[in-house]
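Trainee: Please show me how to read the contacts between chains and between domains.
Mentor: We can take them one at a time.

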Number of protein chains: 4
Amino acid sequence: MTIDLDALYIDLHRHPELSFQETRTAGVITRELAALGLEYVEGLGKTGVATSIVGGGDGDGPVVWLRADMDGLPVPEQTGLPYASTARGTDPAGTDVPVMHACGHDMHVTALLGALERLVATKDEWSGTVVAVFQPAEEYGAGSQAMIADGVLDRFPKPDIVLGQHVTPLPAGVVGVRPGTQMAASDGLTVTLLGRGGHGSRPQATIDPVVMAAATVMRLQTVVSREVDPRDVAVVTVGSIHAGLKNNIIPAEAKLELSLRYPDDEARANVLAKVERIVRAEAAASGAEQEPVIVTDHSLPPTINDADATARVVAAFESAFGAGSVIDPGMFTGSEDVSWFARECGAPLVFWFWGGVDPAAFAAAQAAGTVEKDIPTNHSPFFAPLMHPTIERGVDNLVVAAREFLA
Amino acid sequence: MTIDLDALYIDLHRHPELSFQETRTAGVITRELAALGLEYVEGLGKTGVATSIVGGGDGDGPVVWLRADMDGLPVPEQTGLPYASTARGTDPAGTDVPVMHACGHDMHVTALLGALERLVATKDEWSGTVVAVFQPAEEYGAGSQAMIADGVLDRFPKPDIVLGQHVTPLPAGVVGVRPGTQMAASDGLTVTLLGRGGHGSRPQATIDPVVMAAATVMRLQTVVSREVDPRDVAVVTVGSIHAGLKNNIIPAEAKLELSLRYPDDEARANVLAKVERIVRAEAAASGAEQEPVIVTDHSLPPTINDADATARVVAAFESAFGAGSVIDPGMFTGSEDVSWFARECGAPLVFWFWGGVDPAAFAAAQAAGTVEKDIPTNHSPFFAPLMHPTIERGVDNLVVAAREFLA
Amino acid sequence: MTIDLDALYIDLHRHPELSFQETRTAGVITRELAALGLEYVEGLGKTGVATSIVGGGDGDGPVVWLRADMDGLPVPEQTGLPYASTARGTDPAGTDVPVMHACGHDMHVTALLGALERLVATKDEWSGTVVAVFQPAEEYGAGSQAMIADGVLDRFPKPDIVLGQHVTPLPAGVVGVRPGTQMAASDGLTVTLLGRGGHGSRPQATIDPVVMAAATVMRLQTVVSREVDPRDVAVVTVGSIHAGLKNNIIPAEAKLELSLRYPDDEARANVLAKVERIVRAEAAASGAEQEPVIVTDHSLPPTINDADATARVVAAFESAFGAGSVIDPGMFTGSEDVSWFARECGAPLVFWFWGGVDPAAFAAAQAAGTVEKDIPTNHSPFFAPLMHPTIERGVDNLVVAAREFLA
Amino acid sequence: MTIDLDALYIDLHRHPELSFQETRTAGVITRELAALGLEYVEGLGKTGVATSIVGGGDGDGPVVWLRADMDGLPVPEQTGLPYASTARGTDPAGTDVPVMHACGHDMHVTALLGALERLVATKDEWSGTVVAVFQPAEEYGAGSQAMIADGVLDRFPKPDIVLGQHVTPLPAGVVGVRPGTQMAASDGLTVTLLGRGGHGSRPQATIDPVVMAAATVMRLQTVVSREVDPRDVAVVTVGSIHAGLKNNIIPAEAKLELSLRYPDDEARANVLAKVERIVRAEAAASGAEQEPVIVTDHSLPPTINDADATARVVAAFESAFGAGSVIDPGMFTGSEDVSWFARECGAPLVFWFWGGVDPAAFAAAQAAGTVEKDIPTNHSPFFAPLMHPTIERGVDNLVVAAREFLA
């Protein structure tokens with residue numbers, strides 16, 4: 001039996017699902033796991049799935065966790081691919097939105113299923129235990145904790161090492177990984193600014209939340225531009241702003257959704273304090289009669305790669321794929337919730353990125369200095385990793401790295 | 001037969017409908033017109049209704065048009081009234097929204113039906129023709145033109161005078177009206193700012209439309225604060241702002257809805273030019289690769305009361321309701337599309353405001369200097385005219401004013 | 001003896017002096033008063049001068065005060081006139097600045113001296129007393145109070161009527177005056193925003209007062225654009241902003257000078273409260289460790305023309321200069337401190353504007369809709385009233401108006 | 001003979017001079033050089049001084065350049081030191097300003113004179129040539145190029161190595177240095193925004209440059225917050241903003257002085273383009289009739305330490321001062337013009353920082369997380385390096401490093 005990984009990938013890509021709604025995706029996964037003869041637990045963290053493979057011998061040996069995330073994003077796909085998504089979903093606010101695998105989680109699921117098939121087929125060659133975790137809701141930063149809350153760490157052997165990977169706009173064939181902080185810590189905040197509504201022709205009778213929100217957005221820029229050491233990484237993104245239903249009604253409130261990034265907890269405390277200070281002061285500048293409401297929707301730790309384990313993975317990759325196949329991509333400002341699986345057990349983590357872009361196109365963009373502009377990145381409506389060799393390499397990465405730790 | 005105006009008003013208030021969707025409201029109106037024995041034309045401007053009454057004699061005499069508007073607003077009612085609306089509707093963007101008669105059009109319809117009943121009952125006392133127009137979509141500034149496009153001016157005798165009224169937060173018992181410009185001209189614009197989306201952690205790869213929108217909103221304040229003569233009336237309201245679906249995705253575009261107000265066409269041209277200049281320049285400041293898209297959703301002329309006809313109405317009101325019952329409320333910055341009915345025929349217009357607030361509460365707020373804050377105004381979720389004497393007075397106003405012009 | 005008013009005007013124009021420094025100007029005035037055989041008091045309010053003329057008879061009759069202001073402005077003259085100013089002065093901060101009669105006070109002094117000569121020559125024709133007041137520091141809004149503090153109201157007969165005039169960009173030949181509020185109330189504020197200085201390359205160690213000031217300026221726009229009734233007059237101008245000495249040093253503070261305008265005391269209280277709220281909140285948004293310092297530099301009352309006295313002046317002007325020579329120019333947003341002379345005694349005031357622009361040029365600009373742009377206004381470096389007929393008309397205005405009240 | 005370095009330092013500290021005005025400082029230097037029996041050339045780059053010492057033997061051997069900068073800053077000293085500066089100077093705009101050695105160049109001059117005395121005294125112990133360069137106008141980023149233009153590289157032997165140092169808020173006893181980019185590249189820009197002036201009460205007749213400037217400052221924040229990779233170093237500081245002379249005159253223009261920082265030429269081009277784009281677009285948003293004028297006042301290359309030479313200096317320091325006495329302080333966002341001396345000749349450069357803060361105070365601040373706040377940094381009015389051991393260590397640093405390269 002061999003999984004048709006191409007067909008699997010295309011199917012997943014066509015049917016992305018929003019966070020914690022990955023029921024169809026979970027169905028595809030469990031169908032394939034069953035076909036591989038594996039038992040699994042489903043419904044972990046609502047829609048997550050986990051399984052395990054015991055290697056040759058008596059099961060002694062290290063426990064290696066392999067993790068893939070499952071969810072899509074509310075992004076309207078514009079890739080023009082024959083298998084582009086036209087799916088829609090209902091977001092937590094009840095709004096009907098387009099959905100797309102704009103972050104490549106379909107590739108992650110495909111690669112992990114492919115790796116499991118290979119590890120099953122070769123299980124006499126290694127000893128120890130592989131635990132495979134298909135995690136929901138990475139985009140909410142909530143899926144790994146939800147699986148832990150549902151007992152995934154108790155129902156499977158605890159990890160000696162946690163491995164994970166992410167497809168990214170590097171050239172195909174290249175893996176990027178570094179010891180230490182690989183990805184930033186992150187918080188997602190919802191800020192509700194409370195004004196007073198009224199008729200659009202009588203602003204003096206209102207406290208205009210649109211102006212309050214605009215002034216707040218402009219002032220929030222100064223956290224990064226003026227208040228953080230220019231040598232430190234910090235991001236303050238207002239990813240959404242919503243107020244009002246009609247040009248001639250001044251609404252009573254405005255909502256901002258913020259995504260914040262930093263390398264560590266000290267920076268987090270620093271930036272969060274500044275953001276809150278600005279939000280409250282801008283409400284005061286508007287004469288708001290109610291304090292703004294600031295809610296933390298999720299809070300992600302930094303993704304820190306264990307130095308020794310990372311060195312082993314790098315060596316294994318260079319041995320398998322050739323010298324020059326691994327680069328240090330620097331710290332990424334994106335964030336991940338994979339590290340909770342390792343943090344909870346004090347286990348080391350290695351999380352790497354693998355490229356999905358045509359190397360020639362990448363080189364051309366690099367020569368033209370237009371990488372940022374021409375190479376669609378994760379979360380773009382144009383994000384479209386090459387199917388080949390990305391799928392194969394994703395499988396190989398997991399197998400090579402896992403085998404490095406399995407006895 | 002007597003219409004139960006209280007029950008009618010409560011029924012309309014409980015069942016507000018968005019612009020061009022006033023089918024239930026039209027049904028209530030035609031039911032009452034039929035009960036009065038009047039013929040009517042429905043479906044004018046989609047959901048509008050018109051009827052006429054010929055006075056005693058042979059129908060000779062002036063043609064007096066009486067107009068009431070019918071639509072509600074996407075406002076979540078918070079009045080706490082026993083008959084508060086819990087209705088919802090679907091706005092043009094397909095979004096499910098709460099609906100409320102936050103502008104008092106339910107009162108307008110009630111008063112006009114009451115006036116028609118009285119005019120029918122007394123038709124031997126006057127000669128000429130009364131045409132009653134129940135107009136949809138005043139809130140879009142589109143209903144009167146839609147009724148004209150559907151031939152209302154051809155299917156009924158053309159007006160010698162157009163009369164209309166609006167309930168407002170003046171003390172009950174008071175009418176406000178002035179010759180000349182009574183209400184401002186207005187344009188409703190939708191501005192779409194085009195950036196480039198991407199991951200919230202990588203702003204450098206995007207052109208952030210949230211920041212572009214915020215900077216635009218802040219700059220638009222300077223049209224009124226710096227570029228218009230401080231003695232002139234001008235309003236630039238950004239009534240809605242929408243961008244993004246999620247904190248960690250920078251969206252590709254932002255939408256602003258603007259409501260602009262001015263006393264005349266020269267000021268309109270001036271303000272529109274400045275708004276466009278700012279919108280385009282702020283997009284350029286962001287390095288936008290596409291020009292913003294600016295669409296005029298509606299454009300309302302100023303509401304100008306004919307001097308002679310207004311003097312007649314004022315005299316008739318003072319005679320009927322006592323000296324001091326009519327005040328000059330100044331020009332209002334709100335706008336209306338009623339004047340199209342008059343403009344199309346070169347007929348004079350008189351449009352007045354009548355108060356719906358408890359006089360004691362109004363006087364107390366005035367003494368405390370808190371009228372703006374304590375007296376809910378049109379479009380507020382707390383807007384709630386007293387049923388009595390507002391309904392009766394609305395009926396009286398129409399009858400007295402109409403009789404002034406009917407022979 | 002006849003004063004050469006042309007030479008006098010050119011001399012004054014060439015030698016403008018800053019507020020409370022009008023010593024040369026006072027010398028010119030006293031020289032001319034002496035030549036007219038008039039006694040005077042100098043040094044009133046530092047550099048002010050006053051004199052009086054008793055009419056024929058025994059001095060019985062009304063006391064008419066005529067007032068002219070004397071000071072120039074820190075504006076670099078760019079009129080290109082042969083008699084353009086190249087003068088410089090030292091402002092209160094000790095800075096060397098260019099000085100120009102950019103507000104036409106040289107014309108005011110010239111006209112008053114010309115009027116005095118005429119009134120002296122004709123004093124047998126009238127009875128009563130004319131008091132002529134040459135006031136310093138109108139531009140600081142401080143000169144009239146300084147003269148009062150120095151006893152001008154005690155050392156001269158108190159006024160039965162106070163008259164004053166201002167040259168303005170109306171067509172020559174036209175006087176603008178209205179009963180009621182003729183000019184706005186005004187406050188001048190200095191706001192010092194306190195941050196923390198440091199090296200320009202290390203913003204994180206500072207509290208950047210330049211950004212604090214910029215955010216404050218942007219937010220202050222919303223007072224007029226959002227918080228004042230669009231039908232009311234209000235101006236919030238930040239006339240100066242100063243911070244820092246060098247690109248690579250972040251300074252410790254920033255200074256803003258604000259000019260606020262409103263029609264009455266209620267609006268003043270309202271606007272001042274909003275300005276203070278915004279200034280304090282923007283400092284808080286910056287995380288300022290010290291409260292901003294807000295100082296009121298001057299506070300001018302509205303200039304309110306007495307209704308009856310204004311009617312008399314208008315009638316006298318129309319009789320003297322023809323029908324159509326007087327217009328109602330509306331309320332001006334500029335401010336004056338002339339009214340203190342009247343307020344202190346409860347005397348009526350009439351303050352009018354007379355035009356100094358070539359009527360053909362004015363008409364052309366009006367036709368082209370470019371009056372604001374093409375006709376240089378008071379305080380512009382291009383402000384240049386025609387010498388003729390402006391000087392003669394300024395003299396005539398004062399004589400005609402004074403004679404209206406003199407017995 | 002021994003120079004009294006304490007007295008020398010105090011004298012220099014009390015008498016700081018602005019850039020290119022260091023005549024008294026040059027006089028002190030030449031007096032001391034003469035006392036050491038050294039010939040010198042003065043007037044290089046207006047006020048710079050250079051000298052040389054030939055070591056024992058025939059002068060063969062490497063040429064080591066040692067550089068100190070001389071100028072003070074327009075900062076009002078607030079250290080409260082008994083020898084605090086009360087000096088004043090006239091800046092290029094002709095403004096009288098306070099002057100302070102807020103960047104420690106007095107310490108640099110003192111240390112270099114002390115080192116020269118030591119090198120003279122020991123010249124039999126080494127061979128080669130030491131060239132000592134006392135450079136003016138480092139704060140303008142213009143002094144080294146001015147000295148080169150005046151022939152310093154021709155009148156003295158060209159360097160085989162250029163060495164320089166800067167006192168900084170590290171603990172006394174610690175040197176910070178790193179191979180590669182040690183300090184950022186920098187540009188200083190003056191931006192003149194051109195509006196149209198007028199009376200403060202009539203903003204509609206003006207193009208308000210204060211608002212234009214404020215909007216520009218706010219928008220410039222987005223270069224760093226949105227348009228630069230969060231992992232890259234970039235600073236956009238508006239160090240000064242000036243417009244207007246009086247609250248009631250809207251000025252015709254505003255001036256901004258910007259300091260920009262980046263690690264390399266690619267980043268420079270990128271940031272400069274964005275700054276220019278924003279400045280031009282914000283002028284357009286104001287409806288400016290003239291383009292803003294953007295002038296580059298100075299442009300500093302990155303300060304790049306030669307890897308091999310830096311390793312030698314580090315080893316020499318650790319040998320002389322103990323292990324742990326040298327740290328990698330990371331790249332500094334400050335900039336220097338020292339590297340022109342090396343760049344012009346293709347010679348290697350080593351530029352290090354030495355600490356001048358009481359170690360106990362530094363440790364306490366670090367423990368409290370208040371280093372940024374409590375330890376005054378260069379350009380602060382409170383900047384005050386300890387005299388001891390900072391002077392001695394500055395001397396030792398130069399001697400040890402120079403001797404490392406001298407044969």
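Mentor: Copies are superposed by least squares on the C-alpha atoms of residues with pLDDT of at least 70 in both. This is a predicted model, in which local features need pLDDT of at least 70, side-chain atom pairs count only at pLDDT 80 or more, and totals for chains, interfaces and linings use all residues. Residues are numbered from 1 along each chain as its sequence is written, chains are lettered from A and ligands numbered from 1 in written order, and side-chain values use heavy atoms, without hydrogens and water.

Trainee: What rotation superposes chain D on chain B?
Mentor: A rotation of 180 degrees, with 0.1 Å of shift along its axis, does so at an RMSD of 0.1 Å. That is the relation of a two-fold axis. In chain D, the C-alpha nearest the axis belongs to A281(D), 2.6 Å from it.

Trainee: How many residues does each chain give to the contact?
Mentor: Contact means heavy atoms within 4.5 Å. Chain D gives 24 residues and chain B gives 24 residues.

Trainee: What area do chain D and chain B bury between them?
Mentor: Buried area is the accessible area (1.4 Å probe) that two parts lose on being put together, summed over both. Here it is about 1900 Å², with 50% on carbon and sulfur atoms. Q204(D), R219(D) and R226(D) supply 35% of the area that chain D buries against chain B, more than any other three residues.

Trainee: How many salt bridges are there between chain D and chain B?
Mentor: A salt bridge is a side-chain nitrogen of Lys or Arg within 4 Å of a carboxyl oxygen of Asp or Glu. The count is 4 between chain D and chain B. R219(B) and E282(D) meet in a salt bridge through their side chains, at 3.0 Å from N to O.

Trainee: Which domains does chain A have?
Mentor: Domain bounds come from an automatic or database domain assignment. For chain A that assignment gives domain 1 (5-182 + 302-405) and domain 2 (185-299). Their C-alpha centres lie 33 Å apart. The contact takes 9 residues from domain 1 of chain A and 8 residues from domain 2 of chain A.

Trainee: What do these two domains of chain A bury between them?
Mentor: The area is about 700 Å², of which carbon and sulfur atoms give 59%. P302(A), T333(A) and S335(A) supply 55% of what domain 1 of chain A buries against domain 2 of chain A, more than any other three residues. Between these domains the count of salt bridges is 0.
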